[in-house]
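Q: I'd like to learn how to read rings, charges and pockets in a model like this one. Can you walk me through it?

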Amino acid sequence: MQNPTDSAEAYDHYLRGRQQFDLYSREGNARAKEEFSRAIELDPKFARAYSWAGYAHLEDYKQGWADSPDTAVRFATQAVKMAPDDYYTHWTLASVYMELKDMVGARREYDRAYELNGNDPDLLAERADMLSFQGDPASAITDIERAKRLNPSFPEWYQWSLALAHFQDRNYDETIRLLTAMSDLPNEAYLMLAMSQARVGHSPSHAAIMRDLRAKDPQWTTEHLDRMPFAKAEDQEHWMKGLEMIGIAKSK
């Protein structure tokens, strides 16, 4: 693909935004949104900046830092309108649909992104999350293993996605192995680790869990924990039961 913007300054803010997003923290995400907004100000036609702004606002909703996904939907939809032949824009819109539990829309947009570029390993690894949430962990594992072959220097979050697939497959020992090998667990992955440990009889204490969650995000709450986009009721129940086992209950 050609350079996504003619503005070097806009592209610099875009790259800074992506670096901040990868911190997986409330503060990092806030800075990422600022950087993407600045990139858009400098180049209002910069579709990938819109796309990543949508992704950052989606993270706010996923983590319970925002009550509504509407801003994420607006940015992601605008990105696709601006650049319908850029697989990145369809990828972000797919992620938005997945979090809204619209698996038909998610599958459509992931498939379109894959048609436009089937060799992006990050796309494959993230599409695997959709397959896990749909209740097809075997296909998810296949996608992630192919992603690893395409990118032997894969980032740590591939392990997180692979762990989700094994968690969905009720393979808790492998989930634990994958997550304990990571150097920096986002809170969502940390919860999955604690739940897997509880399932095999080695749960950390509730106090330790809360300490670790709030070390990553001092304002962490349980408000968002039922937003995980499981397509099957039994998978949603599996997730919520795991939270119950580690003493994490959704706030009333």
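A: Sure, and keep in mind that this is a predicted model. Let's begin with a charge over a ring: R127 lies over the face of Y114, 4.4 Å from the ring centre. There's also R74, whose charged end sits over the ring of F75 at 4.9 Å from its centre.

Q: What about rings paired with rings, such as W52 and Y88: how far apart are their centres, and at what angle are their planes?

A: You look at the distance between centres, then the angle between planes. Here the structure holds 20 aromatic pairs. For W52 and Y88, the centres are 6.3 Å apart and the planes sit at 45°, so this pair is tilted. The pair links distant parts of the chain, with W52 in helix α3 and Y88 in helix α5, 36 residues apart. Both W52 and Y88 are buried. F167 and Y172 have planes at 70° and centres 6.0 Å apart, so that pair is edge-to-face.

Q: Are F167 and Y172 buried or exposed?

A: F167 is buried, at 0% relative accessible area. Y172 counts as buried too, at 14%.

Q: How do I find the empty space, and which residues lie nearest the centre of the largest pocket?

A: Rolling a probe the size of a water molecule over the atoms shows where empty space is left. In this model the largest pocket has a volume of about 650 Å³. Its lining has 32 residues, with Y24, Y55, E126, W157 and W160 nearest the centre. Helix α5 gives the largest share of that lining, 6 residues. By class, the lining has 17 nonpolar, 4 polar and 11 charged residues.

How values were computed. Residues are numbered from 1 along each chain as its sequence is written. This is a predicted model: local features need pLDDT of at least 70, side-chain atom pairs count only at pLDDT 80 or more; totals for chains, interfaces and linings use all residues. Side-chain values use heavy atoms; hydrogens and water are left out. On a 1 Å grid over the protein atoms alone, a cavity is a set of points where a 1.4 Å probe fits but cannot get out, and a pocket is an open set with protein on both sides within 12 Å along at least five of seven lines; lining residues have an atom within 4 Å of a point. Grid points are joined across faces, edges and corners, and a volume is the space filled by probe spheres set on the points. Helices (H or I, at least four residues) and strands (E, at least two) are DSSP runs, numbered from the N terminus. Ala, Val, Leu, Ile, Met, Phe, Trp, Tyr, Cys and Pro count as nonpolar, Asp, Glu, Lys and Arg as charged, and the others, Gly among them, as polar. Rings of Phe, Tyr and Trp (its six-membered ring) pair if their centres lie within 6.5 Å; planes under 30 degrees apart count as stacked, over 60 as edge-to-face and the rest as tilted. Buried means under 20% relative accessible area, exposed over 50%, partly exposed in between (1.4 Å probe, protein chains only). A charge sits over a ring if NZ of Lys or CZ of Arg is within 6 Å of the ring centre and within 35 degrees of the ring normal.
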